[in-house]
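Visitor: I should like to learn how to read the features of a protein model. May we go through them one at a time?

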Amino acid sequence: MMIALITWLVKKYAIPALSRYRANRNTGTIKTAAVLMLLLALSAPTFAQEQTTKYNVLHSGKVVGHLDLYQKRSGENLYLRMISEVKMRFIFSIRVNCNEESSFQNGRLVSSHVLRNVNGKEKANRQTTAIGNAYQTLAEGKSGSVKQKDISANLMLLYTHEPADNAQVYSDNFQQFLKVKQTGSHVYRIDLPDGSYNYYTYANGICSKVDIHHSLYTIQIQLA
């Protein structure tokens with residue numbers, strides 16, 4: 001849509017102005033066209049780019065939930081929001097709702113929030129906020145800190161682009177850094193502090209599948 005708008009403006013204003021200049025040799029007209037083109041170039045990055053990527057959550061080959069990743073880019077600012085709902089049955093039914101948010105400015109995490117409810121009861125409410133040259137954390141009302149000047153990547157960001165081998169990514173849930181290990185072509189493993197581990201698979205530069213291995217279950221998150 002952005003490209004179409006610029007094309008329309010150029011056709012409607014810039015090209016006719018240039019044509020009049022060639023015909024009349026009017027320097028004022030060419031200056032007007034040049035200014036218009038400059039303003040278009042400067043204003044283009046300010047238009048926000050929004051995108052929602054949808055995933056299915058599977059257990060034993062059956063769809064048991066959904067995950068939506070919304071991202072909004074505006075200049076050097078990036079906002080991510082991930083909403084998921086999973087319904088599974090073991091001995092009893094379990095419903096898990098997660099809402100995660102992250103905000104980046106100039107490639108630096110400025111804030112994140114993880115909210116998780118299980119069967120309608122809050123089980124996790126965790127925040128990370130940049131303050132000066134460090135980060136303040138809050139987990140179920142208990143405050144802490146991360147002695148790191150910049151956090152440039154977290155687990156949510158892994159859904160938007162392929163990481164590098166041996167990269168360090170921040171877990172907004174565990175509020176600590178985790179190591180990325182490449183295990184195959186476009187496949188990466190991350191071990192979690194609770195003993196679980198995830199495999200991230202990429203296609204065309206974005207995450208196409210996440211295999212989550214927990215001691216009690218294994219689920220897959222796949223592009224819808």
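Guide: The discussion below moves from the whole chain to single residues, then to salt bridges and a pocket. Please keep in mind throughout that this is a predicted model.

Visitor: Let us begin with the whole chain. How many helices and strands are there in the protein chain?

Guide: The protein chain holds two helices and 14 strands. Its length is 224 residues, and buried residues make up 32% of them. Among contacts with a separation of 6 or more, 33% join residues 24 or more positions apart.

Visitor: How should I read the word "buried" for one residue? Does Ser102 count as buried or exposed?

Guide: The term rests on relative accessible area, and buried means under 20%. Ser102 has 1% relative accessibility, so this residue counts as buried. Its place is in strand β4, which spans residues 93-105.

Visitor: Which residues is Ser102 in contact with, leaving aside its neighbours within four places in sequence?

Guide: With those neighbours left aside, the contacts of Ser102 include Leu78, Tyr79, Leu80, Met156 and Asp172. Asn154 is also in contact with Ser102, and the side chains of Ser102 and Asn154 are joined by a polar contact of 2.9 Å.

Visitor: I see that Gln182 has a polar side chain contact as well. Where does Gln182 lie, and what does its side chain meet?

Guide: Gln182 belongs to strand β10, residues 176-184. A polar atom of its side chain lies 3.0 Å from the backbone oxygen of Gly184. Gln182 counts as partly exposed, because its relative accessibility is 35% and the partly exposed class lies between under 20% and over 50%. Leaving aside neighbours within four places in sequence, Gln182 is in contact with Asp165, Val187 and Tyr188.

Visitor: How may I compare distance in sequence with distance in space? How far apart are Gln182 and Pro163?

Guide: One counts the residues along the chain, and then reads the distance between C-alpha atoms. Gln182 and Pro163 are 19 residues apart in sequence and 9.0 Å apart in space, C-alpha to C-alpha. A second pair is Lys209 and Val187, with their positions 22 residues apart in sequence and 9.5 Å between their C-alpha atoms.

Visitor: Let us stay with Lys209. Which strand holds Lys209, and which residues from elsewhere in the sequence does Lys209 contact?

Guide: Lys209 is part of strand β13, residues 206-213. Beyond its neighbours within four places in sequence, Lys209 is in contact with Tyr199, Tyr200, Thr201, Ile221 and Gln222. One of these, Thr201, lies in strand β12, residues 197-203. Seen from the other side, Thr201 has contacts with His186, Val187, Ile206, Cys207, Ser208 and Lys209, again without its neighbours within four places.

Visitor: Are Lys209 and Thr201 buried or partly exposed?

Guide: Thr201 is buried, because its relative accessible area is 19% and the cut-off is under 20%. Lys209, at 28%, counts as partly exposed.

Visitor: What is the idea behind a salt bridge?

Guide: Side chains of opposite charge can pair when their charged atoms come close. In this model the count comes to six salt bridges. One of them joins Lys209 and Asp211, whose closest N and O atoms are 3.7 Å apart. Asp211 is buried, since its relative accessibility is 14%.

Visitor: Which other residues form salt bridges?

Guide: Among them, Glu85 and Lys87 meet through their side chains at 3.9 Å, N to O. Asp191 and Arg189 form another, at 2.8 Å, N to O. Asp191 has a relative accessibility of 43% and so counts as partly exposed; Arg189, at 25%, is partly exposed too. Glu85 also counts as partly exposed, at 35%.

Visitor: How does one find empty space in a model, and how much lies in the largest pocket?

Guide: Rolling a probe the size of a water molecule over the atoms shows where empty space is left. In this model, about 1,200 Å³ of space lies in the largest pocket. Of the 35 residues lining the largest pocket, Cys98, Arg116, Ile212, Tyr217 and Ile219 are the closest to its centre. The elements that give two or more residues to this lining are β3 (77-89), β4, β5 (108-118), β12, β13 and β14 (218-223).

Visitor: Which element gives the largest share of that lining, and what classes of residue make up the lining?

Guide: The largest share, five residues, comes from β4. By class, the lining has 24 nonpolar, seven polar and four charged residues.

Technical notes:
Residues are numbered from 1 along each chain as its sequence is written. This is a predicted model: local features need pLDDT of at least 70, side-chain atom pairs count only at pLDDT 80 or more; totals for chains, interfaces and linings use all residues. Side-chain values use heavy atoms; hydrogens and water are left out. Helices (H or I, at least four residues) and strands (E, at least two) are DSSP runs, numbered from the N terminus. Buried means under 20% relative accessible area, exposed over 50%, partly exposed in between (1.4 Å probe, protein chains only). Contact means heavy atoms within 4.5 Å. A polar contact is a pair of N or O atoms within 3.5 Å; within protein, one must be able to donate a hydrogen and the other to accept it, and residues adjacent in sequence count only if both atoms are side-chain atoms. On a 1 Å grid over the protein atoms alone, a cavity is a set of points where a 1.4 Å probe fits but cannot get out, and a pocket is an open set with protein on both sides within 12 Å along at least five of seven lines; lining residues have an atom within 4 Å of a point. Grid points are joined across faces, edges and corners, and a volume is the space filled by probe spheres set on the points. Ala, Val, Leu, Ile, Met, Phe, Trp, Tyr, Cys and Pro count as nonpolar, Asp, Glu, Lys and Arg as charged, and the others, Gly among them, as polar. A salt bridge is a side-chain nitrogen of Lys or Arg within 4 Å of a carboxyl oxygen of Asp or Glu.
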